[in-house]
2 protein chains.
Amino acid sequence: MTESAPIDVLVSEVGPRDGLQSIKRAMPTAVKHRWIAALAAAGLREIEVGSFVSPKLLPQMADAGEVVREAIRIPNLTVLALVPNLKGAEGAIEAGAHKLTMPVSASRAHSLANIRKTPEEAIEEVRNVRALCDGLARAPGPTVEVGISTAFGCSMEGAVSEDWVIRMAAMLVEAGADSVGLSDSVGYANPVQVKRMFTRLRGEIGDKAGAAHLHNTRGQGLANVVAALEAGVTTFDASQGGIGGCPYAPGATGNIVTEDLVFLLESMGLRTGIDLEKLIAARGIIAEGLPGEQIYGSVPEAGLPKGFVYAAAKGTTP
Amino acid sequence: MTESAPIDVLVSEVGPRDGLQSIKRAMPTAVKHRWIAALAAAGLREIEVGSFVSPKLLPQMADAGEVVREAIRIPNLTVLALVPNLKGAEGAIEAGAHKLTMPVSASRAHSLANIRKTPEEAIEEVRNVRALCDGLARAPGPTVEVGISTAFGCSMEGAVSEDWVIRMAAMLVEAGADSVGLSDSVGYANPVQVKRMFTRLRGEIGDKAGAAHLHNTRGQGLANVVAALEAGVTTFDASQGGIGGCPYAPGATGNIVTEDLVFLLESMGLRTGIDLEKLIAARGIIAEGLPGEQIYGSVPEAGLPKGFVYAAAKGTTP
């Protein structure tokens, strides 16, 4: 499998950011470098490698600049950095991140707890970051993407208005976001809702509709992926070993597991460009960097089925 | 929620048979009685309670007659028993089982290993059991259902011919099966295949198309449920706590978890008639009867979402 082989679905790895951020201990910087390199070597084309937040808040992310600078040396890899505000964006841009991803929450309570801003203030911060990017000498500047968190419900507020989420998406595009995805930060989503919401999102903002960021908190992650695929979603966030969640949402552990997601997609005949054996081997690096940390995944446990064939080798798309 | 409330999807609990059969220790008969009663009280309408096989082969199932006799006293509960052959059927009928379920495997190697019969011989045994049921004085006699195991692949043979599986379904109906479902005994299925196969099954045998029996071996169980729903499947097997697998298929642990399945269906607006709190409470009985046994389930861990509403309470079906 060559790195430039065509793919049907983009798997965006968030483990080095979303995953490590939720773990108290810090993975050593050198191990982060090796992990990210191994993920890229397994065929991942997009990795969210760090968060440009105050090291006082998240000391695990204090080396974000260094990690970005190393990651952008890897060929054919899109390097994402999470930036909560203008200051973070400046750091990420200086380090050379290709894409900035900004957290904006649909739930007012969650937004205040997570980034101490109202949703409207968070949208304004996207506008500020957009202006910063547009003003850069380097061209093209980094792209700005937003995942609307708690888009399917919130552990603080319960149900979240779907109309409000879709209106926010339009406001975010107006503020300058290049893409807007939807995040089930707390594992509240169901397939009917996922299909409806991503269909509405595409109806509202067209090809600026972005990634599905789904959690497996209640075991529903891959079921929701199937629904999102039906709504035309072609980018999925996932975390190796299922590490990560949201530190401010109680009980919200568990991104969908990259290994299990890739297996799902490839089994369905959708090309990801990812080599599952190499991907599974990369799990060992987490264990080296964070000894004893619990990681998840059914495919790594059970192994590949006898006679498993990658989608690309089947020669047809579904 | 009353026991006669209409439902959209039938969840068929297989834990007391498929689950307990795969665990070496035997759950005491009195605990089985209490567990089955608790499951029925939680709203389950169909439970596979035991297997009528040689107690030398599966001593955990030696009390199947006693368990069936107690279970049929529970109002509004359909009591299933697994019978591999005519002798087993006689025992199950004598005990009063409402439904007999027979294992027939599409994979020749798995069939020989599991029941020491070729697939064709297993189909003939269905014909014998049908004749036995038809000859009974009691009317109506028990119904006969078959789940074609390894229908989506086999850990011994690898890929299994889909044409053969569908042809088997027709042969089974001809032999007298009242319903024929498809089983992913080893966790090989993917949603595209599940949708295609259940669509073909319905095309071939119409309303005799039966349950989807899906395993979560590779984490794909609920994703496959979503696909099966789209193909019109309305009965799903599941096991409380995800216990069970197939003792003859290596690495094949893990029925889909009843608790997580019910949550999925109810979240999607599909009425199951099951009370999730009562269902989750019933897990404690497994721990009593089999101390230290590992059980699974994400919804029991994470709890119900804030503001969760049952499908029936929403007042509309999707």
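Let me start at a single residue: Gly176(A), which follows helix H7 of chain A, has a positive phi, near 115 degrees. Please keep in mind throughout that what we are looking at is a predicted model.

Staying with that helix for a moment, H7(A) comprises the 14 residues 162–175, and because a helix should advance 1.5 Å a residue, we would expect a span of 20 Å, which agrees with the 20 Å that separates its end C-alpha atoms. Its buried residues are Val165(A), Ile166(A), Met168(A), Ala169(A), Leu172(A) and Ala175(A), and as for what they pack against, the partners in chain A are three strands, S4 (99–105), S5 (143–149) and S6 (179–183), together with helices H6 (119–134) and H8 (191–205).

Now to the pair of chains. Chain B is superposed on chain A by a rotation of 180 degrees, with 0.0 Å of shift along the axis and an RMSD of 0.0 Å, and the two copies are therefore related as by a two-fold rotation axis. Which residue of chain B comes closest to that rotation axis? That is Ala223(B), whose C-alpha lies at 1.8 Å from the axis.

As for the interface, 35 residues of chain B are in contact with 35 residues of chain A. On the chain B side, the elements giving two or more residues are helices H8 (191–205), H9 (221–230), H10 (258–267) and H13 (298–302), with H9(B) providing the largest share, 5 residues. By residue class, that side of chain B divides into 17 nonpolar, 15 polar and 3 charged. Finally, 100% of the interface residues of chain B are also interface residues in chain A, so the copies meet through the same surface.

Definitions and conventions: Residues are numbered from 1 along each chain as its sequence is written. Chains are lettered from A and ligands numbered from 1 in the order in which they are written. This is a predicted model: local features need pLDDT of at least 70, side-chain atom pairs count only at pLDDT 80 or more; totals for chains, interfaces and linings use all residues. Copies are superposed by least squares on the C-alpha atoms of residues with pLDDT of at least 70 in both. Two residues are in contact if their C-beta atoms, placed from the backbone, lie within 7 Å. Helices (H or I, at least four residues) and strands (E, at least two) are DSSP runs, numbered from the N terminus. The expected span of a helix is 1.5 Å times one less than its number of residues. A residue is buried if 20 or more other C-beta atoms lie within 10 Å of its own, exposed if 12 or fewer, and partly exposed in between; C-beta atoms are placed from the backbone. Ala, Val, Leu, Ile, Met, Phe, Trp, Tyr, Cys and Pro count as nonpolar, Asp, Glu, Lys and Arg as charged, and the others, Gly among them, as polar.
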